[in-house]
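I am opening this notebook to keep track of what I look up, entry by entry, as I read through a structure that is new to me.

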Amino acid sequence: MKLRRTGLLATAAAVGLSLGGPILRRTVVERLADRTERRLNKVADPGPYAVPPAAAAFHERLTIVDFHADTLLLGRDLLRRANRGHVDVPRLAAGNIAVQVFAVATKVPRHLNIDANGDQTDDIATVALALGWPRATWRSLLARAEHQAGRLARFAAESGGRLTVVRSAADLDEFLERRTTRDRSAVAGVLALEGAHALDDDLANLERLDRAGYRMVGLAHFFDNAFAGSAHGLVKGGLTAAGTELVAELERRRIIVDLAHASAATIDDVLAVATRPVVASHTGVCGVLDNARNLSDDQLLGIAATGGMVGIGFWPTASGGDDAASIARSIAYAVSVAGEDHVGLGSDFDGAVAVPFDASGMALLTAALLDAGLDEPAIVAVMGGSAIRLLHEALPPA
């Protein structure tokens with residue numbers, strides 16, 4: 001997830017208040033949010049999408065899971081189909097995506113890059129102020145995580161069953177049974193956290209995030225924190241003593257450890273102590289495109305050895321290209337190294353990245369995987385079968 005130039009939102013909020021109060025403020029901010037998201041969350045082809053009939057029919061039989069989308073941040077109504085961004089419930093249903101992991105970012109440095117970032121600046125504070133989040137969120141990262149979790153819960157409550165929040169293996173089973181037998185358009189959401197800095201440097205706050213429904217926690221995002229080093233931080237160290245304690249507590253609570261954005265040292269440290277499956281929710285592979293954000297073959301194998309998975313990203317820095325064929329090529333490479341049981345999807349939809357298609361165009365990837373030579377059982381596994389297995393094993397039973 002990336003974010004840039006969100007100062008426009010704060011300017012819009014200030015202008016709205018000075019010119020006419022809350023109603024005008026809301027109108028101006030919504031317009032600026034629209035412009036900002038159109039710039040940040042680009043899609044090469046907004047559809048409608050044409051897929052060969054055989055690939056389309058196969059796609060409709062799949063149970064699809066995407067490990068990463070940042071859709072909760074910028075304030076859109078997820079129950080309505082939007083003409084910007086990548087994800088909402090109608091487009092998830094149109095793309096036959098059964099389970100979407102909704103990731104929550106709580107702090108992003110200004111002028112971020114994939115090489116080296118400090119933690120002194122905070123673009124999401126601007127978003128919180130401009131979009132009228134509760135006052136507690138202006139300074140507390142934990143409050144921001146709770147606020148965004150509450151947004152997903154409210155969408156689910158207002159959806160009339162179209163959206164379900166999954167917190168346990170029992171929830172997942174109930175949802176899949178309903179989707180299989182009664183409502184193929186139903187969508188489930190799972191909450192994930194980008195960066196353990198959202199704990200506000202206090203491990204005791206994990207209890208509040210657990211209660212809020214978070215079931216996956218990335219240890220670091222774009223900067224080093226009190227628990228772990230980031231691949232994009234200044235020091236890029238490994239787990240701290242507090243980080244090692246955090247991993248153990250996440251495992252005890254059956255919250256999945258996410259290694260996306262983690263430094264190489266953090267990945268090594270986690271793999272040395274992990275006793276449960278870990279994931280790298282949205283990433284690429286160095287065998288296709290070698291950069292600090294992507295995983296080496298040894299890292300792929302290490303994650304697989306825990307019983308975990310890697311989610312292949314859809315943006316060019318991850319996939320090595322700007323089309324569905326590039327994503328399929330990276331998936332095929334990861335499968336060749338780690339096996340189909342350990343590879344899935346990690347789109348980074350709505351993560352301030354450019355992607356080839358939005359959620360409604362997911363059948364393009366199924367067609368590309370067929371063209372890349374993967375057989376149908378492998379595609380079933382990669383598109384969601386393996387992720388369902390992992391979630392069922394890793395989540396709390398009830």
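In which loop does Pro-48 lie? I looked it up in the model, which is a predicted one, and found Pro-48 in the loop between β1 (43-45) and α3 (53-60). I had gone there for the backbone, since a cis peptide bond joins Gly-47 and Pro-48, with omega at about 0°. I noted this bond because most peptide bonds are trans.

**Entry on phi angles**

I next searched for positive phi values, because most residues other than glycine have a negative phi. His-111, although not a glycine, has a positive phi of about 60°, and I located His-111 in the loop between β3 (97-105) and α5 (123-130). Asp-348 is a residue other than glycine with a positive phi, near 65°, and I placed Asp-348 in the loop between β10 (343-345) and β11 (355-357).

Is each of these residues buried or exposed? His-111 has a relative accessible area of 66%, so I entered His-111 as exposed, whereas Asp-348, at 2% relative accessibility, counts as buried.

**Entry on salt bridges**

I then turned to charged side chains, bearing in mind that side chains of opposite charge can pair when their charged atoms come close. How many salt bridges does a search of the whole structure find? The search returns 15 salt bridges, and I followed up some of them.

In one of these pairs, the side chains of Arg-208 and Glu-146 meet at 2.7 Å, N to O. Arg-208 belongs to helix α8 (residues 206-212) and Glu-146 to helix α6 (residues 141-157), so this salt bridge ties together parts that are 62 residues apart in sequence. I checked accessibility for both partners, and Arg-208 counts as partly exposed at 33%, while Glu-146 counts as partly exposed at 27%.

I also looked at Glu-177 and Arg-182, whose side chains meet in a salt bridge at 3.2 Å, N to O. Glu-177 is partly exposed, with a relative accessible area of 41%, whereas Arg-182 is exposed, with a value of 58%.

A further salt bridge that I examined joins the side chains of Glu-207 and Arg-253, at 2.9 Å, N to O. This pair links distant parts of the chain, as Glu-207 is in helix α8 and Arg-253 is in the loop between α9 (241-252) and β7 (256-258), 46 residues apart. Glu-207 is partly exposed, with a relative accessible area of 32%, but Arg-253, at 17% relative accessibility, counts as buried, because the cut-off for buried is under 20%.

When I traced the pairing further, I found Glu-207 and Arg-253 in a network of salt bridges that also links Asp-210, Arg-211, Arg-215, Glu-249 and Arg-252.

**Entry on the cavity**

My last search was for enclosed space, and the structure holds one cavity of 30 Å³ or more. About 60 Å³ of space lies in the largest cavity.

Which residues line the largest cavity? I listed Leu-250, Glu-251, Arg-254, Ile-255, Ile-256, Val-257, Arg-276, Pro-277, Val-278 and Ala-394. By class, the lining divides into seven nonpolar, no polar and three charged residues. I also noted that α9 and β7 each supply at least two residues of this lining; these are the elements on either side of the loop that holds Arg-253.

Note on methods
Residues numbered from 1 in each chain as written. Predicted model: local features only at pLDDT ≥ 70, side-chain atom pairs only at ≥ 80, totals over all residues. Heavy atoms only, no water. Salt bridge = Lys/Arg side-chain N within 4 Å of Asp/Glu carboxyl O. Helix = DSSP H or I, 4+ residues; strand = E, 2+ residues; numbered from the N terminus. Buried < 20%, exposed > 50% of the residue type's maximum accessible area, 1.4 Å probe, protein only. 1 Å grid on protein atoms, 1.4 Å probe; cavity = no way out; pocket = protein on both sides within 12 Å on 5 of 7 lines; lining within 4 Å. Points joined across faces, edges and corners; volume = space filled by probe spheres on them. Nonpolar A, V, L, I, M, F, W, Y, C, P; charged D, E, K, R; others polar.
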